[in-house]
Amino acid sequence: MQDSYRHKGLRKKLIDSLRSKGIRDESVLDAMNKVPRHLFMDSSFINFSYIDKAFPISSGQTISQPYTVAFQTELLEVKKHLKVLEVGTGSGYQAAVLVELGARVYTIERIRELYLSAQETLGPLGYKPRFFYGDGYEGLPSFAPFDRILVTAAAPEIPEKLKEQLADGGIMVIPVGNQFGQKMARIVREGNDNFHYSEHGYFSFVPLLKGKSK
Ligand code: SAH
């Protein structure tokens, strides 16, 4: 399937609706306007690609709602050439948005099938993040520090190892809570042991789980 005029038109409308819902960062909206979300969807839901909702992908996971992607990305303050770690590759859609913003993206997924399928989706589109199959709770110590860390699954608490892998001045965005809902937390590292914490509304994500799965 290709990106058609019809898809571009639907996408533009979706972006306008995100703007009217309060997303202000035009660079984020621009990046999302470029990524063909319908190519990341499960085929049964393809006609719903440009409505502002989360949808099931394989392995019982979801592609995040566009508003949530925009909101998290805006909070992350991504700039060109920053080194960004994404935990929870899923469909690969969020990773593509980060690449569009000019970031050097490292993305990690614990489900092998998704780790593989995201590469198949992103490759032909020319998006080249670095993909890792593993437990995002551990981060990627050999590639740390990261300027930005984005967690796209619900964490019961903020993983210490991810905090340690944040560069000085770096920002982490992570939904923290249980299966009933999570607060969007933003952590800014200010020196070695100083982390500034703020909260930004309620969201609903699939859980961040420990360990790898087949
Ligand atoms: N960013 C994704 C959203 C996927 S949903 C997208 O744009 O489509 C969250 C993903 O996090 C799921 O694929 C789930 O398998 C993954 N996940 C959950 N716990 C994880 C962990 N500990 N390490 C890596 N990935 C994890």
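**Pockets, a ligand and two backbone oddities**

Biologist: Let's start with the second largest pocket. How much space lies in it?

Modeller: About 150 Å³ lies in the second largest pocket. Keep in mind that this is a predicted model.

Biologist: Noted. Which residues line that second largest pocket?

Modeller: Going along the chain, the lining starts with Leu39, Phe40, Met41 and Asp42, then picks up Ile57 and Ser58. After those come Ser91, Leu114, Ser117, Ala118 and Thr121.

Biologist: And how do the residues of that lining divide by class?

Modeller: For the second largest pocket you get 6 nonpolar residues, 4 polar and 1 charged.

Biologist: OK, on to the ligand. Where does the ligand sit?

Modeller: In the largest pocket. About 500 Å³ of space lies in that pocket. It is lined by 35 residues, and those closest to the centre are Thr62, Gly88, Thr152, Ala153 and Val206.

Biologist: Which elements give two or more residues to the lining of the largest pocket?

Modeller: There are three strands, β2, β3 (83–87) and β4, plus the helices α3 (66–76) and α4. By class, the lining of the largest pocket has 16 nonpolar, 15 polar and 4 charged residues.

Biologist: Now the ligand's own surroundings. How many residues surround the ligand, and which are the closest?

Modeller: The ligand has 26 residues around it, and Glu86, Ser91, Glu109, Gly136 and Leu209 are the closest. Ser91 also turns up in the lining of the second largest pocket.

Biologist: What polar partners should I look at?

Modeller: Try Glu109 to begin with: an N or O atom in its side chain is 2.6 Å from an oxygen atom of the ligand. Then there's Leu209, where a polar backbone atom is 2.6 Å from a nitrogen atom of the ligand. For Thr152, an N or O atom of the side chain is 3.1 Å from a ligand nitrogen.

Biologist: How much of the ligand does the protein bury?

Modeller: 99% of the 580 Å² that the ligand exposes when taken alone.

Biologist: Which elements give two or more residues to the shell around the ligand?

Modeller: Those are β2 (62–63), α4 (93–100) and β4 (104–109). The shell divides into 11 nonpolar, 11 polar and 4 charged residues.

Biologist: Switching topic: how many cavities of 30 Å³ or more does the structure hold?

Modeller: Just 1. The space in the largest cavity is about 30 Å³.

Biologist: What lines the largest cavity?

Modeller: Arg11, Leu14, Ile15, Met32, Val35, Arg37, Tyr50 and Tyr93. Helix α1 (residues 5–20) gives the largest share of that lining, with 3 residues. By class, the cavity lining has 6 nonpolar residues, 2 charged and no polar ones.

Biologist: Last topic, the backbone. Is the peptide bond from Ala144 to Pro145 cis or trans?

Modeller: Cis, and its omega is near 5°. As for location, Pro145 lies in the loop between β5 (130–133) and β6 (146–151).

Biologist: What about the phi of Ser59, positive or negative?

Modeller: Positive, at about 60°, although Ser59 is not a glycine. You'll find Ser59 in the loop between β1 (55–56) and β2.

Biologist: Why flag those two spots?

Modeller: Because most peptide bonds are trans, and most residues other than glycine have a negative phi. The bond from Ala144 to Pro145 is cis, and Ser59 has a positive phi.

Methods:
Residues are numbered from 1 along each chain as its sequence is written. This is a predicted model: local features need pLDDT of at least 70, side-chain atom pairs count only at pLDDT 80 or more; totals for chains, interfaces and linings use all residues. Side-chain values use heavy atoms; hydrogens and water are left out. A residue is near a molecule or strand if one of its heavy atoms lies within 4 Å of it. A polar contact is a pair of N or O atoms within 3.5 Å; within protein, one must be able to donate a hydrogen and the other to accept it, and residues adjacent in sequence count only if both atoms are side-chain atoms. Accessible areas come from the Shrake-Rupley method with a 1.4 Å probe; for residues, only the protein chains shown count as cover. On a 1 Å grid over the protein atoms alone, a cavity is a set of points where a 1.4 Å probe fits but cannot get out, and a pocket is an open set with protein on both sides within 12 Å along at least five of seven lines; lining residues have an atom within 4 Å of a point. A molecule sits in a cavity or pocket if more than half of its atoms lie within 2 Å of its grid points. Helices (H or I, at least four residues) and strands (E, at least two) are DSSP runs, numbered from the N terminus. Ala, Val, Leu, Ile, Met, Phe, Trp, Tyr, Cys and Pro count as nonpolar, Asp, Glu, Lys and Arg as charged, and the others, Gly among them, as polar. Grid points are joined across faces, edges and corners, and a volume is the space filled by probe spheres set on the points.
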